[in-house]
Amino acid sequence: MAHNHAHSHNDSHGHSHPDLKGRKLLLSILLNIAITVAQVIGGLISGSLSLLSDALHNFSDVLSLIVSYIADRYSKKDASVTKTFGYKRAEIIAAFVNSATLIVVAIYLIYEAILRFMDPHTIESGLVIWLAILGIVFNGFSVLLLFKDSKSNMNMRSAYLHLLTDMAASVAVLIGGLLMKYFEWFWVDSLLTLLIALYLIVMGYGLLKSSFKVLMLFTPDDLNLEVIHDAVCTIPGIKNIHHIHIWQLNEQETHLEAHVDFYEDVTLSEFDAVLTKMEELLYHDFGINHVTIQPEHQKDDPKDIIVQD
């Protein structure tokens, strides 16, 4: 089994400020705890369900940010004899757990909002308005903190999305507070709760799906096995590539393992030369950065692209 890792290309990603990400998350956690406590107290005093639902939403975010923070710390731990991949998947698991909790919280909010629609309550709107403004300022600051990291990392994106939905929810609660203050439209409170919840479900579902695919070792959506097969077969000396597995370890690492059939009974050094070409092709054309190949010559085994074990 010849085993080679095209590591050199992109091991530099994201290691320039290893702890900056963690510090930003920690600051966001503290800000969110402050908002949550203020909103719970305010929601109970004012009788506003949308404020309480926003507080619940914020509390789910505090939990998810803590999960993200722990995952971020763990994902940096070195591999060991018993954990050969280290904790590189910690962040994907965090994204999965976070998105699942978002959906659960949202379903509960919908249930509460429907009950409240049947029986609207009078709400102390002044308090709602001030707490909504507090939420917008704190969440807005957290969103700006995480914006850059959210582009390249699923875990940070889940944390960022949580905070962005918080900010949107606070804006909605502010508008609701103003409508209740000036028009006494108390039903707006339930409507906002419903909208916040539906938005959570939409956001959570996309992230749940993408993290689930990584955890299940599915082939990444942007890679086509047939196209990869045909590209590899253009390399001189290669007769066939079969028994292919492609999966993502995390967002930075895509692995391919396969059997490669050679026309000739090549020497090891000749195989290494072909393997180098293959790694370059797979990395530059498909972004695959870990390649493990089993070389074969006239071996009697199934030659299908996918072989069911």
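Start by selecting Asn240 and Asp261 in this predicted model. Asp261, which sits in strand β3, is the bridge partner of Asn240.

Now widen the selection to the two strands, β2 (residues 238–248) and β3 (residues 254–262). They run antiparallel to each other, and eight bridges hold the pairing. Want to see how the chain gets from β2 to β3? Look at the hairpin: five residues make the join.

Stay on β2 for a moment and switch on a surface for everything else. Is this strand mostly buried or exposed? Nine of its eleven residues are buried, so β2 is largely enclosed by the rest of the structure. While the side chains are showing, keep a general rule in mind: in a regular strand they alternate between the two faces of the sheet.

Next, select residues 220–297. UniProt, in an unreviewed entry, gives this span the feature "domain: Cation efflux protein cytoplasmic". By make-up the span is 35% helix and 35% strand, and the C-alpha atoms at its two ends are 30 Å apart.

Last stop: hide that span and pick out helix α1 (residues 20–46) and helix α4 (residues 125–150). Their axes come within 10 Å and cross at roughly 165 degrees, which makes α1 roughly antiparallel to α4. The crossing of α1 and α4 is left-handed. Colour the residues of this contact by type and you should find 15 nonpolar, eight polar and three charged.

Note on methods. Residues numbered from 1 in each chain as written. Predicted model: local features only at pLDDT ≥ 70, side-chain atom pairs only at ≥ 80, totals over all residues. Heavy atoms only, no water. UniProt positions renumbered as here; feature names shortened; annotations may be inferred. Helix = DSSP H or I, 4+ residues; strand = E, 2+ residues; numbered from the N terminus. Buried < 20%, exposed > 50% of the residue type's maximum accessible area, 1.4 Å probe, protein only. Pairing = 2+ DSSP bridges. Axes fitted to C-alpha atoms, helices over the stretch in contact; angles between N-to-C directions. Parallel < 35°, antiparallel > 145°, perpendicular 65-115°, else oblique. Left-handed = near helix turned anticlockwise from the far one by under 90°. Nonpolar A, V, L, I, M, F, W, Y, C, P; charged D, E, K, R; others polar.
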